[in-house]
Amino acid sequence: TTAPLDPDLDALGRAARRVLARNDLGTMVAAAPRLYPHQWSWDAAFISVGLARVSVPRALTELRSLLAAQWSTGMIPHIVFSPGTSYFPGPDVWGTDGVGAKPAGVQTSGICQPPVHAIALARILRIAAEQGEEGEEGGEALAEARAFAADAVPRLAAWHRWLSTARDPDGQGLVQVHHGWESGMDNAPRWDAAYEAIRVRQEQQLRRHDTALVSDVSERPSDSEYQRYLHLVAQMRSVGYDDRRVAEIVDFRVGDVFMTAILAVAAEELAAVGRDLGLEKEVADQMDIAARARAAVLASVAPDSGLCRDWDARVGAWTGAESLASFSVLLCGGDADAYARQRTVLTGPRWAGHPGLRYALPPTLSPDDPGFQPRTYWRGPVWPVMNWLFWWALERHGDHALADRWRAQGLAQLGDLAFGEYYEPLTGEPLGSHEQSWTAAIALDWIA
Ligand code: 9WN
């Protein structure tokens, strides 16, 4: 079944609210009802934007819960575990309980995810302001959001600082990830070379639930991919998740251009919020972080293709595998020519303009790429939440015509009311988890 081209937006909105309400565990929304029964870092940020369309206070609670799990280093962990539900790898595998940097009383993983949180905070403040100015009728939401922001800005500033220091030990400029999970694009082909170089000496017992929860195991990463994922977790655990030690010993250390582009815009969004609240101390620092991140993204652009590349820090070489992340200049801008060139390729027949696509939206890999797998996770499917992120960035750059087109196509895709985690780009079939929270959240933001 595929969605109609003119979805009923009222029905879509009602269904999206139901998904968020059903996945709400109280002070955190599970990323998905069965597959991901905990709070995920970047999911929580996107989810909070959708929640703000329903209730600004509930949206703030979502970010407050996540920030309560922030490590003293500044790192926001990629999972905050809810009690008593199953997911593999769970807290026993991560073994973060004795780690001094982790706040007591919460169970978390020991890695991070892309820093979209300040983007969410700025958007929530905007949504709150639409309900009324402070001190005027309807202004309670904005008052509450601004009070929350006064507390959140220094925390998010520390998070960004950690990314730009602890995660750039060589001063190369790109934010380094130690695990594909940190990129949020777990098994994207851009990580293949780094993963292939890993020798797993001791296979671990896999207690996966995910493969039983999707209709077809090929929608998920393979067991041999999971062995590598767990090998990296074991390495980080063996040195107590100490930033410096991990950077020395871990078998995966890649400068992630997409994460860096997100940091550039998130730091600017945070600076703007800080300025608005009179928190001048943070503003200059965040603008520096943004400038450095943006420069690193632009320096990654390959002269021949015009596309962005990641940096394999262990090998000391660019890795140029083409993927959605190759278009990171569309997120952070900074060079009109580079932007225009990437925009032309991404909207052209190799990508979102591919004639075989059900909807004219960018998939995670070009259908013309020999490695294109239309049903397999980050190796081909189209992810609604990525469409929202690119839409948001296009709007920010004033690229409204394309933004409008992608929003319309993105809404059409969601008209099936499945709220798929990802979609088969050629047929429009929902894949992975259904009732995925961030998919419902971005639908609510789009139709507001
Ligand atoms: C591992 C929750 C998360 C997303 C990621 C997505 C997937 C987890 C998994 O689900 O990753 O973090 O178990 O596969 O790749 O982007 O945040 O929705």
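Just after helix 5 comes glycine 132, whose phi is positive, near 145°. That helix is a handy way into this predicted model, so to speak, and the rest of the tour starts from there.

Helix 5 covers residues 117–130, 14 residues in total, and runs 20 Å from its first C-alpha to its last. That is close to the 20 Å you'd expect at 1.5 Å a residue. Ten of those 14 residues are buried, so the helix is largely enclosed by the rest of the structure. The buried ones include His117, Leu121, Ile124 and Ile127. What do the buried residues of helix 5 pack against? They sit against helix 2, helix 3, helix 6 and helix 12.

Two residues show this packing up close. Leucine 121, one of the buried residues of helix 5, touches Leu63, Ala149, Ala152, Leu156 and Val273, leaving aside residues up to four places away in sequence. Alanine 52 belongs to helix 2 and counts as buried because 29 other C-beta atoms lie within 10 Å, against a cut-off of 20 or more. With the same sequence neighbours left out, alanine 52 touches Ala59, Ile124 and Ile127. Alanine 52 also has a distant partner in sequence: its C-alpha is 8.5 Å from that of aspartate 445, though the two are 393 residues apart along the chain.

Here are the helices that helix 5 packs against and for which a range is listed alongside:

| Helix | Residues |
|---|---|
| Helix 2 | 41–52 |
| Helix 3 | 56–67 |
| Helix 6 | 140–165 |
| Helix 12 | 257–276 |

Now for the core. The largest nonpolar core has 145 residues, and those with the most contacts inside it are Phe46, Leu121, Ile124, Ala145, Leu263, Val297 and Ala441. Helix 12 supplies the largest share of this core, with 13 residues.

Zooming out, the chain's secondary structure comes to 18 helices and eight strands. Of its 448 residues, 54% count as buried. Among contacts with a separation of 6 or more, 70% join residues 24 or more positions apart. The C-alpha atoms fill a box of roughly 65 × 50 × 45 Å along the principal axes. The radius of gyration is 20 Å, which agrees with the value near 22 Å for a compact globule of 448 residues.

Finally, the ligand. Which residues surround it? They are Ala31, Tyr36, Trp40, Trp42, Asp43, His78, Trp181, Gly184, Asp186 and Asp210. By type, that shell divides into five nonpolar, two polar and three charged residues.

Methods: Residues numbered from 1 in each chain as written. Predicted model: local features only at pLDDT ≥ 70, side-chain atom pairs only at ≥ 80, totals over all residues. Near = placed C-beta within 6 Å. Nonpolar A, V, L, I, M, F, W, Y, C, P; charged D, E, K, R; others polar. Core = buried A, V, L, I, M, F, W, Y, C linked by C-beta atoms within 7 Å. Buried ≥ 20, exposed ≤ 12 C-beta atoms within 10 Å, placed from the backbone. Helix = DSSP H or I, 4+ residues; strand = E, 2+ residues; numbered from the N terminus. Contact = placed C-beta atoms within 7 Å. Rg over C-alpha atoms; globule rule 2.2 N^0.38 Å. Expected span 1.5 Å × (residues − 1).
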